Amino acid sequence: MVLVSHDTKKYKVIGTRPIRHDGYDKVTGRAVYGGDLRLPGMAWGAVLRSPHAHARIRKVDTAAAEKLPGVLAVITGKDMPLAESKEVDLGEGSVNEKYASNNVLAADKVLYKGHPVAAVAAVDRNTAEEAVRLIKVDYEPLAAVVTVEEATANGAPVLLPDLVGDDLGEKVKKTNVAKHFRHEFGDVKKGFSQAAHTVEMTFKLAMTHQGYIEPHNATAIWDEEDRIRLWCSTQGAFTVRKQMSGVLKMDESRIRVTPLEIGGGFGGKIPIYLEPIAAVLSKKSGHKPVKLIMERKSVFEGTGPAPGGTIWVKVGADANGKLTAASSDIKFEAGGYPGSAVGAAAMCIYGPYNIPNMLIDGYDIVVNKPKSAAYRAPGSPQAHFAFEQAIDELCEKGGWDKLEFRLKNASKEGDRRGDGVRYPRIGNIEVLQAARNTPHWKSTLAKESNGKKRGRGIASGYWFNVGLKSSVTVSVNNDGIVSLTEGSTDIGGTRASIAMQAAEVLGIPAEDVRPVVADTEGVGITDVTGGSRVTYATGYAAYIAANNAVNVMKERAAKLWDLKADDVDYSDGVFRGRKDPELKLTFKQLAHKLGETGGPVTCTGSVDLTSAGGAFGVHIADVEVDPETGKTDILRYTIVQDVGKAIHPSYVEGQMQGGVVQGIGWALNEEYYMNKEGGMANSSFLDYRMPTALDLPMIETVIVEVPNPGHPFGVRGVGEVPISPPVATVANAIHDALGVRMTESPMKPGRIMKALEGKG
Amino acid sequence: MMQTSVEKVHVKTTINGQPVEFLVPPYLSLLDAIREVVGLTGAKEGCLDGNCGACTVLMDGRIVDSCLVLGAEAQGTSITTVEGLASSEGLHPLQQTFLEEAALQCGICTPGFLVSAKALLDREPHADEHRIRHWLAGNLCRCTGYDKIVRAVIKAEDMSAQLTKSKNGRGKTTAKASARKPAGARARR
Amino acid sequence: MHPFTYLAPKTVKEAVQALNKYGPKARPLAGGTDVLVQTRGGRYDLEAIVDLKGIPEAMALEMNGRGLEIGAATPCCLIYENKAVAKVYPGLIDAASLIGGIQIQSRASLGGNLCNASPSADSIGPMIVHSGKAVIAGPTKRREVAVEDFCTAPGRTVLGKGELLVSLKFPKPAAGFGAAYERFIPRNEMDIAVVGVASSVTLDSTGKKFKSARIALAAVGPTPIFAADASKYLAGKPANEESIAEAASMARSAAKPITDMRGTIEQRKHLVEVLTRRTLTKAMQRAKGK
């Protein structure tokens, strides 16, 4: 790992690499994930899903299923309370409650293959699955539309009759375009007239899935007092509680959500799917605990993939290589209900550049595919796939070095993003400079080897990161060990990064802070583990709580020494009387004396951060393509990314590498391949091809630190930026290798062959 | 409890060195037998069709996807799960190096990787990077990008080689001891 | 899954009796890597599964002066770990090492791969070019069927009621024999073949001419295809690039691919030509002892 730090502060704990606090449980098989939970008297559930991409539900006949021995309950959409059409904020995206309810269990229509229609609870899993097969549904199939073009064509079937589209503020009825927004700054017409070189291209992207290895799961008890207890693998217990409240029309305070360990999420485990089903089945089964685990096929067909779509871009630069204007038209597949990440795509698309004249039109379009959800920097990989290739093309037209061009046009503090927001202190330039210094960028690459073509690509990426709410409680135990209660489910090692920040303030080793992820009744409101916010926001809350604890401890020392609290200093783990050097106690020593100085020391910290430190990445990839088959291999990959401050560098590197590999899969093979009936044909890990260990080299990481002024340690957040550049980086590398521009993702072998044939 | 018209199968097997006996419906997978009947939940369900390796266990010395084996087939075999990797003396070197090298993020694939990697190191203690990647291709990870997993396996090989070399067979490192190593001490490959 | 009973016969006779009794409601179980997935997915509604792994004949791996016999349930890993077999039957080894990953290869068998009768099976082409024969036991008799005649349609074989594939037999290759199998997949492992080609050649005593050749194609037709014309063409031709290129072009004509989620017609036809050329070249090099 290479660290390029612009941070002058020195730390004791921050920047080290302790073993994560939940590590031993996870390498021994002791850790309890949602699927591992066992409750006494537990029943199992299974879900019936639509085989049609678009259909009206005429009748659901559950009689045979109900009669199967061992079946405890059968439910359909009719068992769900009638939900209102109102927006609920989830933290990363928002959701309409009626649509959310209908997405959990269809009411009168199914909008995608895999849409849940009914569910069964039974004494064991196999009986539940057998019972599901006995449910008979009478569907009236309707014509399905699966691309933005199909959904907006004349005569296209209207998916949601009650949807009122918003077209630049105008209401539109009977449409599949849920929203059309526009961002406009400057005058692009004028800007293009000033351009010496212009590139205009259209790109198409296929829908992709987060691909977490753990399927969704939920276990629920709906008890006799109409209170719900829920255990699940989720990115946000409070978010689940809020959604459950909306969908089941129940006060949030009656719902207790306990998040168990989670096997990956990447945004896909923010919305609820099985949770309300488990709860309602529990109610109908005589209040038994009911557990469901989603089959892999249904994870693909019935959860929240990343939108595909069509992106048109036009970009121009003057003779000196200065960008003059950029326009884009971003059309995203929302899935069966509105709410794709097209807004975020618009925030990111021009992110790395300072462009004086900008125009973006964004469209959120419903299609007969599963309702899209957040997937790691939602909208950003798609946006960069388009724009970074256009920039690549522009550099070739103008004869400009691709890295120098980026430096010349780099966005910096005060510049505007595509949606108009002005950047605070950002590290774009520092990242580009670090990229220029990498051994990778400086190395030469042979154009050919053993008949295969090689090429190098570079691309930038941006993600804004979020702040939102987090709460932390710290309690000092008599032995000097500090308990830390937080509400951020730990997907990638954040127990450690939060504990480390508290430890830094407390002046104790990281191992002496014991983090616990609590349920919705054990900690204050904490927003999702997503948006690259946990180390930033929950860490900030931990920082505040820890500082409060230190202040209280100072008062205790003052009490012991008969001083004023202001006359007590704390540094290097020792409390000292400022005027009398003989008076000193270590943290542990003082902790032993808490009982006699006033009792327990328990402090909280809460944040609601409206801004976060946005961040940039620049990636360099060398690829090798077999021109006889179109097979592409990644030879070498370097990630350069500004993280603000790397609290635990190993997990920072891990986030970088993991995001990149998702991006590589996205670039080379991953897609929702739709059959002619409008359903996903490849809903398994066999044909939804994610990279294996054999498909990748080691991945070089360069951590750049440009501290975020909005965080006490400078943290910006790291999780999402890494997936923003790689789809474009690989595309640019393939172009360099073959001389063809891949405008459609994934850039699978057959497509590459076709592009080569077209080239002649 | 079970509603079924077929008799259960009586299975006598060895799991993690201990004799284990259970009754399973004939159609229950080995994965479900281990998780639901025996109660060891280390092996995970990821896809149930042999494409992700999260359910990997050792069966008579070979790694298998336990979702594609019937519980009934465990009769007379010796099975090792992730719960059987550590000994009374401490973690298996792989468990240790996975922690030190941060080779896990969400951890769901980790049991499968540990069992698969152990099988490799048992047969080829000096497998190179390519062989490691080839051997582990049947285990999917979505969080790490595999880099740190491969590093952890290589480090475990080095550790095991050193342990074999050391005169008395001592040189036992516990994970706690190596956690206190300073940050810069990791060798860069 | 519909509850089924588990049977573990110790002899071929017992297995055949069970299969005959249950008819289509029973399936034999070798490695389970196909049949369990399919049963879970609803393709079969079984009342019984018949585990073959307790039958010595079904788990055999025996090479002698006459040739090689592999039990229908013998896992791939045992085949490729056998150095003696690997030396003489390289095409089989190529296939056995490619199917799935290590976990799959611990269990999956060539016999299971054949009976699954997928058009894209990796081992069927190699078995064809090694002139394999399927040994079938039925309620009243045994019979042998050439591997290229075994599959009749996707998922369908010549096996009748109560019939069981017991083993696969391969003759001892002549001097100057070499074989290879290659498939095209988008990743480096774990994929189903977009196209697979198996080739075997026998060089004449000079080593400069082909005496005979066999070419088989996977994933480009409803069953694995024995490219008879391309194979016959090479007999007597000089063992060089030109002959190979011509045979590859003929193999391309023998392919009848469809467009599906794994590949398009044009892509597959092109790949047949590329892989035929590559495998013939490799088979020739192996025949020459390189």
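User: What makes the spot just after α11(A) worth naming, and which phi does A:G399 take there?
Analyst: A:G399 takes a positive phi of about 70 degrees, just after α11(A). The helix label is a DSSP run (H or I, at least four residues; strands are E, at least two), numbered from the N terminus. This is a predicted model, where local features need pLDDT of at least 70, side-chain atom pairs count only at pLDDT 80 or more, and totals for chains, interfaces and linings use all residues. Residues are numbered from 1 along each chain as its sequence is written, while chains are lettered from A and ligands numbered from 1 in the order in which they are written.

User: How do you know that the span of helix α11 of chain A agrees with its number of residues?
Analyst: The expected span is 1.5 Å times one less than the number of residues. For the 19 residues at 380-398 of chain A that gives 27 Å, and the end C-alpha atoms are 26 Å apart, so the two agree.

User: Why is α11(A) called largely enclosed?
Analyst: A residue is buried if 20 or more other C-beta atoms, placed from the backbone, lie within 10 Å of its own (exposed: 12 or fewer; partly exposed: in between). In α11(A), 15 of the 19 residues are buried, so the rest of the structure largely encloses this helix.

User: What makes residues of chain C and chain A count as in contact, and how many does each chain give?
Analyst: Their C-beta atoms, placed from the backbone, must lie within 7 Å. Chain C contributes 17 residues and chain A 19. Helix α11 (residues 265-287) of chain C supplies the largest share of the chain C side, 4 residues.

Note on methods
Contact = placed C-beta atoms within 7 Å.
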